[in-house]
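User: I've got a model open on my screen and I'd like to talk through how its parts fit together. Can you take me through it?

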Amino acid sequence: MDYVIRMRNLREDHDKTQQQIAEVLGTSQTMYSRYERGINEMPIRCLLVLCEYYHVSADYLLGLVDK
């Protein structure tokens, strides 16, 4: 579950709230919170949006690489 840790860390490193990121993704804060805690699987479209938003690769966000 490296990706849930990375999602939270990226959000906190950018001083963003869950509500702000949820708005970027076009979802509710509650649903984003569920993604960030690993309760619900995040759709691929959301993964792509987060990668673009944070300027990171999908491999990084998913925990497959460390850079």
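Here is a short run of questions and answers on this predicted model.

User: Let's start with helix H4. Which of its residues are buried, and where do they sit around the helix axis?

Analyst: H4 covers residues 44-54, and its buried residues are Cys46, Leu47, Leu50, Cys51 and Tyr54. Looking down the axis of H4, you'd find those buried residues within an arc of 140 degrees, so they line one face of the helix. As a rule, an α-helix has 3.6 residues a turn, so residues three or four places apart point the same way. The place you asked for, then, is one face of H4.

User: Which residues are exposed on the other side of H4?

Analyst: Being exposed takes a relative accessible area over 50%. On the side of H4 away from the buried residues, the exposed ones are Ile44 and Glu52.

User: And which helices do the buried residues of H4 pack against?

Analyst: Contact here calls for heavy atoms within 4.5 Å. By that test, the buried residues of H4 pack against H1 (2-13), H2 (18-25), H3 (29-36) and H5 (58-61).

User: There are cysteines in H4. How many disulfides does the structure hold?

Analyst: To count as a disulfide, two cysteine sulfur atoms must be within 2.5 Å. For Cys46, the nearest cysteine sulfur is that of Cys51, 11 Å away, and Cys46 is in no disulfide. Seen from Cys51, the closest cysteine sulfur is the one in Cys46, and 11 Å is too far for a bond. The number of disulfides in the structure is zero.

User: Are Cys46 and Cys51 buried or exposed?

Analyst: The cut-off for buried is under 20% relative accessible area. Cys46 comes in at 0% relative accessibility, so it counts as buried. Cys51 has a relative accessible area of 9%, so this residue too is buried.

User: Now H2 and H3. How are they oriented to each other?

Analyst: The axes of H2 and H3 are 8 Å apart, and the two helices pack at an angle of about 100 degrees. Angles of 65 to 115 degrees count as roughly perpendicular. That's why H2 and H3 are called roughly perpendicular.

User: What classes of residue make up the contact of H2 with H3?

Analyst: From H2 come Gln18, Gln19, Ile21, Ala22 and Leu25, which meet Gln29, Tyr32, Ser33 and Glu36 in H3. Sorted by class, the residues of that contact are four nonpolar, four polar and one charged.

User: What about H1 and H3: how are they oriented, and which classes of residue meet?

Analyst: H1 and H3 have axes that come within 8 Å and cross at roughly 125 degrees, and so the two helices are oblique to each other. Val4, Met7, Arg8 and Arg11 in H1 meet Tyr32, Tyr35 and Glu36 in H3. By class, that contact holds four nonpolar, no polar and three charged residues.

User: Last one, on backbone angles. What is phi near in Asp15 and in His55?

Analyst: Asp15 lies in the loop between H1 and H2, and at 67% relative accessibility it counts as exposed. His55 is in the loop between H4 and H5, and at 72% relative accessibility this residue counts as exposed. Each has a positive phi in a residue other than glycine. The values are near 55 degrees for Asp15 and near 60 degrees for His55.

Key. Residues are numbered from 1 along each chain as its sequence is written. This is a predicted model: local features need pLDDT of at least 70, side-chain atom pairs count only at pLDDT 80 or more; totals for chains, interfaces and linings use all residues. Side-chain values use heavy atoms; hydrogens and water are left out. Buried means under 20% relative accessible area, exposed over 50%, partly exposed in between (1.4 Å probe, protein chains only). Helices (H or I, at least four residues) and strands (E, at least two) are DSSP runs, numbered from the N terminus. The arc is that of the directions from the helix axis to the C-beta atoms. Axes are lines fitted to C-alpha atoms, for helices over the stretch in contact, and angles run from 0 to 180 degrees between N-to-C directions. Angles under 35 degrees count as roughly parallel, over 145 as roughly antiparallel, 65 to 115 as roughly perpendicular and the rest as oblique. Ala, Val, Leu, Ile, Met, Phe, Trp, Tyr, Cys and Pro count as nonpolar, Asp, Glu, Lys and Arg as charged, and the others, Gly among them, as polar.
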